[in-house]
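Trainee: Could you take one part of this model and walk me through it slowly? I would like to follow the reasoning step by step.

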Amino acid sequence: MGSRLFEKEQEYKDYASIKSLFPIFNYIKNIHMKIFATQRGYGEFENGWEFPGGKIETGETPQEALMREIWEELDTEINVGELVDIVEYDYPNFHLTMHCFYCTIKKGELFLKEHKAAKWLIKEELFSVEWLPADKGLIELLSKTFNPL
């Protein structure tokens, strides 16, 4: 398992990425929407929390990349839905453009292959984990717009 981040001695690069936001709806008494977050288990940002996803490969659409990455990282097939936001963030060694989509699980159990841990978070819990820097702006947006149907 290797880090997808660039080494410090490499030149500054643009890095296109995609992230998935899995909203889960429970229709028991009230409708609660939860979002799936994962904790990195490797690399420079080990232990930081993020939404699962990864790098867009040449020739892929963001949606295709997200489906591939979630299959590779979580052994799960997804349906990619609405684009939530495109985050631009400058890390010290690279620029990240992150396309963030709502997704639903098509098939699979979200088995952690690369991540250390995972949590389902409701709106009130979004700030309960230490998010990676690029994800923090998205958390601010979700805390204001993340509502049950």
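Mentor: Happy to! Let's look at helix 1, which covers residues 62-74. Start with its length: at 1.5 Å a residue, its 13 residues should span 18 Å, and the end C-alpha atoms lie 17 Å apart, which agrees. Keep in mind that this is a predicted model.

Next, see which residues of helix 1 are buried: Ala-65, Leu-66, Glu-69, Ile-70, Glu-73 and Leu-74. These residues cover an arc of only 130° around the axis, so they sit on the same side of helix 1. There is a general reason behind such a pattern: an α-helix has 3.6 residues a turn, so residues three or four places apart point the same way. Right after helix 1 comes Asp-75, with a positive phi near 55°.

Now let's place the helix in its chain. There are two helices and eight strands, and from the N terminus on the order is β-β-β-β-β-α-β-β-β-α.

Helix 2, residues 133-145, can be read in a similar way: its buried residues are Ala-134, Asp-135, Leu-138, Ile-139, Leu-142 and Ser-143. They cover an arc of only 160° around the axis, which puts them on the same side of helix 2.

Finally, step back to the whole chain. Of its 149 residues, 42% are buried. Among contacts with a separation of 6 or more, 67% are between residues 24 or more positions apart. The chain's accessible surface comes to about 8,100 Å², and carbon and sulfur atoms account for 51% of it.

Methods: Residues are numbered from 1 along each chain as its sequence is written. This is a predicted model: local features need pLDDT of at least 70, side-chain atom pairs count only at pLDDT 80 or more; totals for chains, interfaces and linings use all residues. Side-chain values use heavy atoms; hydrogens and water are left out. Helices (H or I, at least four residues) and strands (E, at least two) are DSSP runs, numbered from the N terminus. The expected span of a helix is 1.5 Å times one less than its number of residues. Buried means under 20% relative accessible area, exposed over 50%, partly exposed in between (1.4 Å probe, protein chains only). The arc is that of the directions from the helix axis to the C-beta atoms. Contact means heavy atoms within 4.5 Å. Accessible areas come from the Shrake-Rupley method with a 1.4 Å probe; for residues, only the protein chains shown count as cover.
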